[in-house]
Amino acid sequence: MSKKTQPTSFDFARWQQDVRSQFSGLDPNDPSRWPAMPRRLLLLVVALAVLVGLWYVVLSGMRTQLETERQREAQLRTEFTSKVAQAANLEALRVQLEQVRLYVSQLERQLPSRAEMDALLSDINQAGIGRGLQFELFRPGQVELRDHYAELPIAVRVSGSYHDIGMFVSDVAHLSRIVTLNNISLAPAPNRPEVLTMDATAKTFRYLDPEEVAQRQREQQQQRAAGGQR
């Protein structure tokens with residue numbers, strides 16, 4: 001019968017001494033000459049450092065993306081709420097839009113064309129004469145072109161009683177066309193305290209002719225071009 005071999009016991013002290021001997025006298029400038037255990041440990045540390053660095057980079061990118069998506073979510077929620085409110089009020093907004101269009105149409109009908117300006121000036125003059133006023137000055141100025149209309153200032157000086165001047169102002173305000181009185185000043189006439197002299201600038205408005213619209217557009221383009229070259 002063969003004899004049974006006895007299992008060898010683990011010599012911890014010897015193993016500990018072997019480990020110490022492998023980690024003693026290591027050259028940090030040449031890890032390739034290190035014993036097996038220090039080399040493996042170094043590779044493990046480097047691998048762990050790389051994994052931790054990659055994890056940090058990936059996690060930072062995901063955190064930034066998450067924050068961006070949260071902000072986008074809040075923006076989309078705000079837009080959604082706004083659009084829901086608009087959709088709920090869509091019919092009311094359509095009614096308001098139609099009312100605005102009607103109002104604008106009414107205002108446009110109060111603006112004369114260039115051909116009707118002479119008749120409007122005559123109406124202003126007749127309004128003063130009809131109230132017994134004496135025109136001392138009635139001088140149309142230079143037409144000023146705006147974006148959608150033209151403005152014509154008229155220097156006016158009339159003389160008459162306070163009541164007649166007041167009625168003239170009321171008549172001008174009730175003309176079918178838009179006329180405004182600006183820079184009004186009243187003063188008694190020399191040696192005639194019962195007579196007042198009113199100086200004012202009457203402003204009337206009219207449509208722009210197609211040629212004037214084209215001219216206005218050219219002027220705006222030139223202004224934008226000049227502003228862009230600065």
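Helix α2 is the main contributor to the nonpolar surface patch, giving 6 residues. In this predicted model, the patch covers about 740 Å² and is built from W15, F23, M37, L41, L44, V45, L48 and L51. Two helices, α1 (12-23) and α2 (36-88), each supply at least two of the patch residues. One of the members, F23, sits in helix α1. Its relative accessible area is 34%, so F23 counts as partly exposed.

Now to the aromatic side chains. How many aromatic pairs does a search of the whole structure find? The search gives 3. Two of them are set out here, with their ring geometry.

| Pair | Centre to centre | Angle between planes | Type |
|---|---|---|---|
| F135 and F138 | 5.7 Å | 85° | edge-to-face |
| Y149 and F205 | 5.8 Å | 70° | edge-to-face |

The pair of Y149 and F205 joins distant parts of the chain, as its partners are 56 residues apart. Y149 belongs to strand β3 (residues 149-160), while F205 belongs to strand β5 (residues 192-207).

Are these two partners buried or exposed, or something in between? Y149 is partly exposed because its relative accessibility is 30%, whereas F205, at 14%, is buried. The cut-off for buried is under 20% relative accessible area, with exposed over 50%.

F135 and F138 also belong to a wider group: together with F168, they form one aromatic cluster. Within that cluster, F138 has a relative accessibility of 26% and therefore counts as partly exposed.

Note on methods:
Residues numbered from 1 in each chain as written. Predicted model: local features only at pLDDT ≥ 70, side-chain atom pairs only at ≥ 80, totals over all residues. Heavy atoms only, no water. Patch = residues over 30% accessible without salt bridge, like charges linked within 9 Å, V, L, I, M, F, W, Y side chains within 5 Å. Areas by Shrake-Rupley, 256 points an atom, 1.4 Å probe, with all protein chains shown as cover. Salt bridge = Lys/Arg side-chain N within 4 Å of Asp/Glu carboxyl O. Helix = DSSP H or I, 4+ residues; strand = E, 2+ residues; numbered from the N terminus. Buried < 20%, exposed > 50% of the residue type's maximum accessible area, 1.4 Å probe, protein only. Phe/Tyr/Trp six-rings, centres within 6.5 Å; stacked < 30°, edge-to-face > 60°.
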